[in-house]
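Trainee: I am about to look at this model for the first time, and I would like to go through it slowly. Could you show it to me before I ask anything?

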Amino acid sequence: QFRNRIPDDLTFSIMGKLPLKSIKRFGCVCKSWVSLLENPNFMTIFRNNFLSNHRSYYDDTVLLLCQSLNTNITETHHENLFLLSGEKFQNRVKLDWPNLFQEQNLANSHIDILGHASINGILCVNNRYSTIGLWNPTTEELKIIPPSPNKFVPSNLVYSADPCGFGYDRDTDDYKVISHVQFLLFDDNDNWNRENEHRNPLWEIYSLRSNSWKNLEIDVDVPLSDRVDYLYLDGMCHWQGGDYLVSFDLSNEVFFTTPIPLEIPSDRIRYEYDVTLVLLNVSVALISHFMYCSTFNISILGEVGVKESWTKLFIVEPLPYILHSIGAGKKGDIFFRSKDDELVRYDLNTHMIEELDVKDVDSLSQIVIYTESHLPIDKINK
């Protein structure tokens, strides 16, 4: 009777504008709504709304390409940062990295950007020596984060930190960095050993407001990041950790884990399966495919901690000369690395794919959405 009161076209029109989380929850209202996400007509409406929503989020944003390069002569590794512009990103302006590592004399070497988007114009950058900085490319302002007290360990141990998240805590008007800590020890053969890595996990968090680190009291086993894909969205940091999506609430300082979709194999190395975590139209999304296969699946997350909330929203095929994805851009653009190490863009709106005039793209290259800001980094301390 309930279904007879609301025609399907009206139901599709209204429900198709709701967030995925709401659609999943409204499945308890009536039986026909349980299977909405299996209805091709409804999914067409939902996809169109998904791609058209949140366009204001990308206003006044530009794309940055962090391009990883290896030089054969010196066998060293460098990252170049470019501002991309033009219809086919034919215009590239090289940006100078801040000199984070004057004491190591390794400027422009082994620099990572934590995440796929800036936060209020700020990028979190770090290097292999556990030096972390907050950088505003617009103003060229750089704030080096002070070392953690955990770094000053006994002389026979070496402190190693793996930053996993950078984000903004709206409740306290604070920027925070979360990091996993390991203490490394040489064995008799001069090989590294990870001491008590799983038995005594240590997580620490930095607050810009207090300009200090503190240890987190964690009584559960939190999966470590096995990729360089980190996201920040609505007060939470996210990363891949084995068979889970790990999420960290910056306000309450608690972890959540969400099992990844069933179709993604646990042993991804064995099955040569590639998974990339991206921010797609202001949603947490996974782009996955078997290596050397031309079909890509894109699933979005409806609710943190709920495995059933993953929904395969797009099946992209065929892309026969694509190796893997390196990130998402604005308004439905997905960027891939081709077998010729070139940058390729796929438009989910038009289903068009085009090669861009950007070469020498490798597996560590990143696409970053950047919003210009002239505000000082430490404005919250004033």
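Trainee: Which residue forms a salt bridge with aspartate 169?
Mentor: This is a predicted model, in which local features need pLDDT of at least 70 and side-chain atom pairs count only at pLDDT 80 or more, while totals for chains, interfaces and linings use all residues. Residues are numbered from 1 along each chain as its sequence is written, and side-chain values use heavy atoms, with hydrogens and water left out. A salt bridge is a side-chain nitrogen of Lys or Arg within 4 Å of a carboxyl oxygen of Asp or Glu. With its closest N and O atoms 3.0 Å apart, the salt bridge of aspartate 169 is formed with lysine 176.

Trainee: Is aspartate 169 buried or exposed?
Mentor: Buried means under 20% relative accessible area, exposed over 50%, and partly exposed in between, using a 1.4 Å probe and protein chains only. Because its relative accessible area is 1%, aspartate 169 is buried.

Trainee: How many residues apart are aspartate 173 and arginine 209?
Mentor: Aspartate 173 forms a salt bridge with arginine 209, the closest N and O atoms being 3.9 Å apart. Aspartate 173 sits in the loop between strand 8 (158-169) and strand 9 (174-186), and arginine 209 in the loop between strand 11 (202-207) and strand 12 (212-216). Here strands (E, at least two residues) and helices (H or I, at least four) are DSSP runs, numbered from the N terminus. The pair therefore links distant parts of the chain, 36 residues apart.

Trainee: What is the relative accessible area of arginine 209?
Mentor: Its partner aspartate 173 is partly exposed, with a relative accessible area of 25%. Arginine 209 is also partly exposed, with a value of 41%.

Trainee: How many residues apart in sequence are lysine 176 and glutamate 253?
Mentor: The side chains of these two residues meet in a salt bridge, with 3.2 Å from N to O. Lysine 176 lies in strand 9 and glutamate 253 in the loop between strand 15 (244-249) and strand 16 (254-259), so the pair ties together parts whose separation in sequence is 77 residues.

Trainee: Which residues are linked in a network of salt bridges?
Mentor: A search of the whole structure finds eight salt bridges. Lysine 176 and glutamate 253 are both buried. They belong to a network of salt bridges that links Asp169, Lys176, Lys214 and Glu253.

Trainee: Which are the edge strands of the sheet with the order 21-22-23-24?
Mentor: This is an open sheet of four strands with antiparallel pairing, where two strands pair if DSSP finds at least two bridges between them. Each edge strand pairs on one side only, and these strands are strand 21 (322-328) and strand 24 (352-355).

Trainee: Which residue stands opposite glycine 327?
Mentor: Strand 21 and strand 22 (residues 333-338) pair in the antiparallel sense over five bridges. In strand 22, the residue opposite glycine 327 is phenylalanine 335.

Trainee: Which strands stand at the edges of the sheet with the order 4-5-6-7?
Mentor: This open sheet of four strands also has antiparallel pairing. Each edge strand has a single partner, so one side of each is left without a neighbour in the sheet; these are strand 4 (112-113) and strand 7 (141-144).

Trainee: Which domains give residues to the largest nonpolar core?
Mentor: A nonpolar core is a set of buried Ala, Val, Leu, Ile, Met, Phe, Trp, Tyr and Cys residues joined through side-chain atoms within 4.5 Å, and of the 30 residues in the largest one, Leu280, Ile298 and Leu348 touch the most other members. The largest share of this core, five residues, comes from helix 5 (residues 40-52). The core lies between two domains, because both give residues to it: domain 1 (8-50) and domain 2 (54-371), with bounds from an automatic or database domain assignment, and so the names asked for are domain 1 and domain 2.

Trainee: Which residues is serine 283 in contact with, leaving aside its neighbours within four places in sequence?
Mentor: Serine 283 lies in the loop between strand 17 (273-279) and strand 18 (284-290), and it counts as buried because its relative accessibility is 14%. With contact meaning heavy atoms within 4.5 Å, and those neighbours left aside, its partners are Phe50, Leu233 and Val278.

Trainee: How far apart in space are phenylalanine 46 and isoleucine 14, C-alpha to C-alpha?
Mentor: Phenylalanine 46 lies in helix 5 and is buried, with a relative accessible area of 3%. Phenylalanine 46 and isoleucine 14 are 32 residues apart in sequence, and their C-alpha to C-alpha distance is 9.8 Å.
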